[in-house]
Amino acid sequence: MSQANNKNTGQWALTLSNNVQEIPQLNAFVDEVCEFHGLDPMATMEMNLALEEAVVNVMTYAYPEGTKGYVDISAQSDNSGLKFVISDSGKPFDPTTKEEVDTTLPAEQREIGGLGIFLVRKMMDSVKYEYKDGHNILTLKKKTNQ
Amino acid sequence: MKTTFEEKDGKYVMHFEGRLDTAASVQTEQEMKVLHNCEGHDIILDCAQLEYISSSGLRLFLALLKVAKAKGSKVSISGMNDNLRQVFAMTGFTHLFEFL
């Protein structure tokens, strides 16, 4: 893991490997960004959840099993809100095209997976995917009132 | 993340403590297996000390619910904080479980 933070400019960066055991480091990173931005505990939890789901998605699917890969996370805080950019050099994959989850189904019919990207969409105001220069780039934005 | 299992008044009770994120869910999945042998026992998931849950944790709860329902056991959740309630509401999990 490498981390570079600059509180003066409201910009942060973190690199993790494709190992879900590194998620607690992402959590500490998001907590720091949210604290700087002045978010309350509920909003901070929501940002943690969105980032965890998006990053776990990359850790799980971007690279072939058993190979090492990286996921870069950057954050930016300004007057309009928070912006997170998640990028990786794995296979092209657009998570925003996944089908919506039907949250009204009874337990017997609910699928065990598929909630990750659904939660990212719920938590964020905008979710944008692009594939550029061999990288998947997912941009998450959250507007905040300041 | 820590779990504790006990049998209380004929019910299987599991206490959850800490953050149930994707990193913790691997170990927690193993620890929850004892609940899958629930024939004749209702289940209570005590979440009073659970601070956070992501979809990996929700998946474990849903998997348990499916098994328990098929065996005729009820699964109830007690003591959730506001953050967890919010996640359960957003994902429709509020309709799936009973809450104490």
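What follows is a friendly chat about how the labels on this predicted model are earned.

Biologist: What should I know before we start?
Modeller: The model is predicted, so local features need pLDDT of at least 70 and side-chain atom pairs count only at pLDDT 80 or more, while totals for chains, interfaces and linings use all residues. Residues are numbered from 1 along each chain as its sequence is written, and chains are lettered from A and ligands numbered from 1 in the order in which they are written.

Biologist: Why is B:Q27 called exposed?
Modeller: A residue is exposed if 12 or fewer other C-beta atoms, placed from the backbone, lie within 10 Å of its own, buried if there are 20 or more, and partly exposed in between. B:Q27 has 12 C-beta neighbours inside 10 Å, so B:Q27 counts as exposed. This residue sits in helix α1 of chain B. The C-alpha atom of B:Q27 is 9.3 Å from that of B:K2, 25 residues apart along the chain.

Biologist: And what share of chain B is buried?
Modeller: Buried residues make up 40% of its 100 residues.

Biologist: How do you know that the size of chain B agrees with a compact globule?
Modeller: The radius of gyration is taken over C-alpha atoms, and the globule rule is 2.2 Å times the number of residues to the power 0.38. For 100 residues that gives a value near 13 Å; chain B has 12 Å, so the two agree. Its C-alpha atoms fill a box of roughly 30 × 25 × 20 Å along the principal axes.

Biologist: What makes a stretch of chain B a helix or a strand?
Modeller: Both are DSSP runs, numbered from the N terminus: helices are H or I with at least four residues, and strands are E with at least two. Chain B has three helices and five strands, in the order β-β-α-β-α-β-α-β from the N terminus on.

Biologist: What makes residues count as being in contact, and how many from each chain take part where A and B meet?
Modeller: Two residues are in contact if their C-beta atoms, placed from the backbone, lie within 7 Å. The contact takes 21 residues from chain B and 23 residues from chain A. On the chain B side, α1 (22-36), α2 (55-70) and α3 (82-91) each supply at least two residues, and α2(B) gives the most, with eight.

Biologist: Which residues touch A:L26?
Modeller: Leaving out residues up to four places away in sequence, A:L26 touches A:L14, A:L16, A:L51, A:E52, A:V55 and A:I73.
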